Amino acid sequence: MTRRAIFIGGRLKETRETSAIRNPYDGEILAEVCLAGEDEIEEAIRAAVTAFAAGRRLPSHKRAAALQRTAVDLTHRHEEFARCLSTESGKPITDARREVGRAISTFTIAAEEAKRIPGEVVPLDISPGTDRHVGFVRRFPIGPVLGITPFNFPLNLVAHKLAPALAVGNPIVLKPAPQTPLTSLLLGEVLSGLDLPQGMFSIVPCTNAAAERMVGDERFAMLSFTGSAPVGWKLKSKAGKKRVVLELGGNAGVIVEPDADLDHAAERCAIGGYGYSGQTCISVQRIYVQESAYEPFLQRLLKRVRTLKAGNPQDESTTLGPLIDEGAAKRVESWIQEAVAGGAKLQLGGKRQGSVVEATVLTDVRSEMKVSSEEAFGPLVNVTPYRTFEDAIAALNDSPYGLQAGVFTRDINKAFKAYEDIEAGAVLINEIPTFRADQMPYGGVKNSGLGREGVRYAIEEMTERKLLVLNLT
């Protein structure tokens, strides 16, 4: 059995306590991963605090070179990372390869952004007595960062914590998801070979209780958390005075107008609803279709969803793999059964075998049902007709979440109305809410989070503006 050490201050370290990491598809034990205890966590935090003195003074060319080197090394080991990611998360291998490609892009973008962290000149001579005053604003690294990541993107969401932190010179302690630490530890092998001050990163798989204690530690200047809404808001309440960025869940909605290209909309919604078995916070979950286009769209969607192949994630033809564990699959199955018992109509799917849930399409769903009102995090979509565009926006906004939303229409006025009136961090026109480019600002409103990710925007969150005033007398 492979035993994987953790990274403390950039160096490998073994611990006595371990956790078995299993393949979600067949239950095979992939490795035993060491867990950080109180002593290892203390060592990681002290290393980060010490490293900050050197990290904050690293010139931009060194930071950029380290990030670019990471991108190059990931490129050389692309298939190795994809296989590791696929086996521990259950993500189909084709999707895993795409994720590795995105992580390469994330580090490449961060390498460029490290060279151009902006400042500004502030005119101060706008009132008598300040004729010779001028101000300069620069961004300075905030200090040690605690990053906590989820299981669904075990490489790229780790990259979205590590890359911006290193781009500005912040040391970071990363706590990966307990189900998927192997990919982050593989990335640690790459980072350990970089020309960076010792202690700039630690990767510490640990218990949730240990992670909570880190959240409350005042030596961290910032918490960056991606995960479920209940956990995220709970951790924020324990974070004290540190800066907090939360990228949380959603029940993403789509509006389809009758003037839209229905074939395109159905194709994109099938991709957005069932990619990685719906285990993304911007997975398409609620689709609102204008009543005159409802039946034609529904038939197109069903035709496309029927072509999705479920099975072994290592099979090149698989598009629908397992959920992260059988418990998650049973929850999704129970939500579907509960909706059907409450009057919803099962158009397709709904069955479970082990940790695999069939691609499911529901209609006649009421807004208070869990499959609509809560984050499903599974391969299910519900389709609902509406009369007016205003009705559709109101239905989409009737949610505790507001991460991203999609609108399919050729009407530019409706596109801008959606942009103005939909309560979400992003509105995408003729595109699904599941779309994300790694350089764009990413985050939500309401229960979906606080602050923004996306490399440049995460850099803003991880830095502090500081003003210099000169009196040029």
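Biologist: How many cavities of 30 Å³ or more does the structure hold?

Modeller: Two. This is a predicted model, where local features need pLDDT of at least 70, side-chain atom pairs count only at pLDDT 80 or more, and totals for chains, interfaces and linings use all residues. Residues are numbered from 1 along each chain as its sequence is written, and side-chain values use heavy atoms, with hydrogens and water left out.

Biologist: Hang on, what's a cavity?

Modeller: On a 1 Å grid over the protein atoms alone, it's a set of points where a 1.4 Å probe fits but cannot get out; a pocket is an open set with protein on both sides within 12 Å along at least five of seven lines, and lining residues have an atom within 4 Å of a point.

Biologist: Cool, what volume does the largest cavity have?

Modeller: About 80 Å³, counting the space filled by probe spheres set on the points, which are joined across faces, edges and corners. It has 16 lining residues, and Arg286, Tyr401, Gly402, Leu403 and Gln404 are the closest to its centre.

Biologist: And the second largest cavity, what's its volume?

Modeller: About 60 Å³. Of its 14 lining residues, Gly278, Thr280, Ser283, Gln285 and Phe377 are the closest to the centre.

Biologist: Switching to pockets: which residues lie nearest the centre of the second largest pocket?

Modeller: Arg63, Ile117, Arg138, Arg139 and Pro141, out of 17 lining residues. That pocket has a volume of about 250 Å³.
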